Amino acid sequence: MVTVAILPALLLGMLLGPWGAIPWLFGTFFLVWWFVIFIHELGHLAVDWVAGFRIQIFAVGPVAIVRNGRSFRVMRVSSWALSGCVPSTPSDPDKQRGWLAASAAAGSLANFVSGGLAWYAYVAYPDTSWLSL
């Protein structure tokens, strides 16, 4: 995941020059990193929702969506975390083992599928003239 987050920042750095690009380098790195984490956690969330788990928090980086009874609240996390989490509780203890395994695998699968789609788009549409400034 680090390579995915660094590449756009390096490309932007080549366009802006060595010193003017440093703030953009860090900003782009964090935005791409959080997007990759968002896709990963979305995979966990989707399987937990299908399984009927009670989802308590959906957090990515500095933002968290917290369940408060029947409603949800958006909160800012005090630290600029470089990770995410989706804590959830199984509704049926009998189905817990299989669904927990599926939930654990879903994050990586979501990253794999989104990476495959991005690679396909890169190969299918090789004309990158729309990227030039």
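**A guided reading of the chain**

The chain exposes about 9,400 Å², of which carbon and sulfur atoms supply 72%. The model is a predicted one. Of the 133 residues of the chain, 26% count as buried.

The secondary structure comprises three helices and six strands. Along the sequence these elements follow the pattern α-α-β-β-β-β-β-β-α. Among contacts in the chain with a separation of 6 or more, 58% are accounted for by residues 24 or more positions apart.

The interior may be considered next. In soluble globular proteins, nonpolar side chains tend to be buried together. Here the largest nonpolar core has eight residues, namely Phe 29, Trp 33, Trp 34, Ile 37, Ile 55, Phe 58, Val 60 and Val 86. Helix α2 and strand β2 (57-60) each supply at least two residues of this core. The largest share, four residues, comes from α2.

Phe 58, a member of this core, offers a useful point from which to examine the surroundings. Neighbours within four places in sequence set aside, Phe 58 is in contact with Phe 38, Glu 41, Leu 42 and Leu 45, and also with Val 63, Ala 64, Ile 65, Cys 85 and Val 86. Val 86 is itself listed in the core.

One of these contacts leads to a charged residue. Glu 41 is found in helix α2, which spans residues 22-51. Glu 41 is buried yet has no salt bridge. The nearest side chain of opposite charge belongs to Arg 67 and is 15 Å away, whereas a salt bridge would require a side-chain nitrogen of Lys or Arg within 4 Å of a carboxyl oxygen of Asp or Glu. What, then, does Glu 41 touch, not counting residues up to four places away in sequence? The residues are Phe 58, Ala 59, Val 60, Gly 84, Cys 85 and Val 86. Phe 58, Val 60 and Val 86 in this list belong to the largest nonpolar core.

Nonpolar residues also appear on the surface. Val 63, Ile 65, Phe 72 and Val 74 form a nonpolar patch there, with about 370 Å² of accessible area together. Strands β3 (63-68) and β4 (71-76) each supply at least two residues of the patch. Val 63 and Ile 65 of this patch also appear among the contacts of Phe 58. Val 74 lies in strand β4. Why is Val 74 classed as exposed? Val 74 is so classed because its relative accessible area is 62%, and exposed residues are those over 50%.

Note on methods: Residues numbered from 1 in each chain as written. Predicted model: local features only at pLDDT ≥ 70, side-chain atom pairs only at ≥ 80, totals over all residues. Heavy atoms only, no water. Patch = residues over 30% accessible without salt bridge, like charges linked within 9 Å, V, L, I, M, F, W, Y side chains within 5 Å. Areas by Shrake-Rupley, 256 points an atom, 1.4 Å probe, with all protein chains shown as cover. Buried < 20%, exposed > 50% of the residue type's maximum accessible area, 1.4 Å probe, protein only. Lys, Arg positive; Asp, Glu negative; His and termini not counted. Contact = heavy atoms within 4.5 Å. Core = buried A, V, L, I, M, F, W, Y, C linked by side-chain atoms within 4.5 Å.
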